[in-house]
Amino acid sequence: MDTTYFDERTPNVKKFSLPIFVNQAGYKPESIKRAVIKEKASHFSLINADTCVTVYKGQCTHFGLDTNSQDDVYIADFSDFKDCGTYCLVTDTNVSSLPFQISDTVFDNVLHDTIKAFYFLRCGLDLEEKHAGKFGHSACHTAKAVLWEDQTISHDITGGWHDAGDYGRYITAGACALAHLLFAYKMYPKKLKNLSLNIPESNASACEVLSGDTVGNPSCRLPDFLAECKYELLWFLKMQREDGGVYHKATTLRHAPFVMPEEDRNTMLIFPVSSMATADFAAVCAMASGIYREFDSVFADTLLTAAEKSAHWLEQNPDFLGFKNPDGCNTGEYGERDDKDNRFWAYTELYIATGKEFYHDRMKALLKMKFPLTGLGFAAVGGFGTLSYLLCDRENASMELKDFFKECFLDEALRLKELSDSCGYGAAMAEEDYIWGSNMSLLKHGMIFAIADYLTGTDTYLPYATLQADYLLGVNATGYSYVTGTGAFCCNYPHLRPAHADGIEECIPGMVSGGPNRHPADADAKILIPEGTPPMKCFADDVGCYSLNEITIYWNSPAVFVLAYLK
Ligand code: G3I
Ligand code: 9MR
Ligand code: ZN
């Protein structure tokens, strides 16, 4: 490591010229293990960091010019070294990496932290010291919220997770995060079921802790993981209108200043119903009903009834009902141009949850419309529907459709494999993927690799999923681990109001930064990122740069999915 210095204008931006990039969480013994070096090197050694003994020697491969970073890179592959321990990688030119670990448990902490992050984003609850440590604060946004369309009416819509660095709560964003988390639970239950998160519901029956809000009487204790998701689902239920339509979002009119959430006392508004929110709500509630039934049949029934009520609204309102921010409102818009994929996802989940052919027919009819069948985002949600269909065991589900959906995921995995192979850093990212929240693109691609393996019952794409995690955790052209608190050189100054307003130097752990964006869109980023910066380097760990370094629930959730696969 040579230089570390702080930029004069923004002391937060730590510039680090680190020539060797390693996964700062570490490597599992049996997995692919790569470091990337951006200086000429022909050989490397692994040195045991405790004993200073050289334990492995290897040759570097010259990859050449990596397009998206414009770095001339060399790869040190030590996959066949499998001994657990802490090591540094040193080149023949005498440059050393940060110390890193090889162990079976390298992903345990980062997986835990990225899940616990959702607890830290809870709205409407005292985050007590025993669960939140020094990052606790009192309950926020507890007042009733006012209906935008008729400001004489107010409702209790407390709860749920703050979306991001801001204090808004948005249904389509929440649905996406819940989908990633619930799919992770469905596909990797053993990795998540027994996780202890030290949240209020841990070691207690969920009904004791959430007595005011909980529906029904849980017969056995929910896994902490599902208790955390339930906190968001309970808020979802409050966002449904009598007629089944679902309000698009609950936010103040304008983003709060950088204060603690309990100090943000502007009127909370409930914005109009959209068909995307209603469909995503129906989908997620139907999906969740199947997962929670084992623990709490009353809650499962409540979810399913709510989902069917929204399905009824969708029937009554066949036209697209989008969302646009009203004049004067600057909080997240999450606008979409159509809702076919949202409706497709909703009907798919409703068919799976109820077995009703009516929903099955609706779902099949929507397939005639064009939308991406592997979309796993907050706007493109078609992949959630196709994946659920693939995982379901309804007898009358069509094998033909299942084969077709499976092909879609496998084709996408193949396309992404080629992208990864063509990147010196192993990222399955095209130039146009370096947008606002590029780490979500990366992690969605990691999810595709994981899904492909799940569907084929192989580990064909395990190395590729691993390389995406490597990128997230340090093997990228900035060298940052993009998860707060993971690694010696990690993001610490994300655009996250409480993390700034709490006055604590160390950031709340487990938060996934949006990552490099080749179209810097906020004033600070426009200053900090010179024109012509290569896409992978359009990043600054600066609190002002919300288009590069914000955090959100749906950037954390795909990280949870990928880490659950890799753990
Ligand atoms: O997909 C297009 C691509 O085709 C095009 O080439 C490229 C060129 O700019 O843009 C891509 O679209 C970008 C889109 O994100 C991709 O998802 C838009 O430019 C970009 O403006 C848009 O940013 C969104 C941002 O809100 C602004 O609307 C982010 O995705 C979205 O995550 C973010 O969400 C915010 C909420 O509004 C409020 N809460 C915080 C949250 C995270 O920053
Ligand atoms: O903090 C806001 C962030 O969560 C959003 O992603 C971003 C874009 O909507 O907006 C941020 O808020 C900024 C606002 O839009 C303009 N004034 C400065 C705010 C950040 O301090
Ligand atoms: Zn709040």
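A polar contact here is a pair of N or O atoms within 3.5 Å; within protein, one of the two must be able to donate a hydrogen and the other to accept it, and residues adjacent in sequence count only if both atoms are side-chain atoms. With that in hand, some notes on the pockets and ligands.

1. Ground rules. This is a predicted model, where local features need pLDDT of at least 70, side-chain atom pairs count only at pLDDT 80 or more, and totals for chains, interfaces and linings use all residues. Residues are numbered from 1 along each chain as its sequence is written, chains are lettered from A and ligands numbered from 1 in the order in which they are written, and side-chain values use heavy atoms, with hydrogens and water left out.

2. Ligand 1, polar contacts. The side chain of Tyr554 has an N or O atom 2.6 Å from an oxygen atom of ligand 1. Glu550 brings a polar side-chain atom to 2.9 Å from a ligand 1 oxygen, and for Trp436 the distance is 3.0 Å. Ligand 1 on its own has 770 Å² of accessible area, and the protein covers 56% of that (areas by the Shrake-Rupley method with a 1.4 Å probe; for residues, only the protein chains shown count as cover).

3. Ligand 1, surroundings. There are 14 residues around ligand 1, and Asp163, Asp166, Trp436, Glu550 and Tyr554 come nearest (near means that a heavy atom of the residue lies within 4 Å). By class, that shell has eight nonpolar, three polar and three charged residues. Ala, Val, Leu, Ile, Met, Phe, Trp, Tyr, Cys and Pro count as nonpolar, Asp, Glu, Lys and Arg as charged, and the others, Gly among them, as polar.

4. Ligand 2. Around ligand 2 you'll find Asp166, His255, Phe258, Asn330, Trp436, His495, Arg497, Tyr546 and Glu550, which split into three nonpolar, three polar and three charged. His495 has a side-chain N or O atom 2.6 Å from an oxygen atom of ligand 2, and Glu550 does so at 2.6 Å too. For Arg497, a polar side-chain atom lies 2.7 Å from a ligand 2 oxygen. Of the 450 Å² of accessible area that ligand 2 has on its own, the protein covers 65%.

5. The largest pocket. Ligand 1 sits in the largest pocket, and the space taken by ligand 2 is the largest pocket as well. To sit there, more than half of a molecule's atoms must lie within 2 Å of the grid points. The pocket holds about 870 Å³ of space. Its lining has 37 residues, with Phe378, Trp436, Met440, Tyr554 and Trp555 closest to the centre. On a 1 Å grid over the protein atoms alone, a pocket is an open set of points with protein on both sides within 12 Å along at least five of seven lines, a cavity is a set where a 1.4 Å probe fits but cannot get out, and lining residues have an atom within 4 Å of a point.

6. Who lines that pocket. The lining comprises 16 nonpolar, twelve polar and nine charged residues. Helix 12 (399–421), helix 13 (438–456) and helix 18 (553–566) each give at least two of them, and helix 13 has the largest share, five residues. Helices are DSSP runs (H or I, at least four residues), numbered from the N terminus.

7. Closed-off space. The count comes to three cavities of 30 Å³ or more; grid points are joined across faces, edges and corners, and a volume is the space filled by probe spheres set on the points. The largest cavity has about 60 Å³, and its lining includes Asp166, His255 and Arg497. The second largest has about 40 Å³, with six nonpolar, one polar and one charged residues in its lining, among them Phe120, Leu127 and Asp502.

Conventions:
Helix = DSSP H or I, 4+ residues; strand = E, 2+ residues; numbered from the N terminus.
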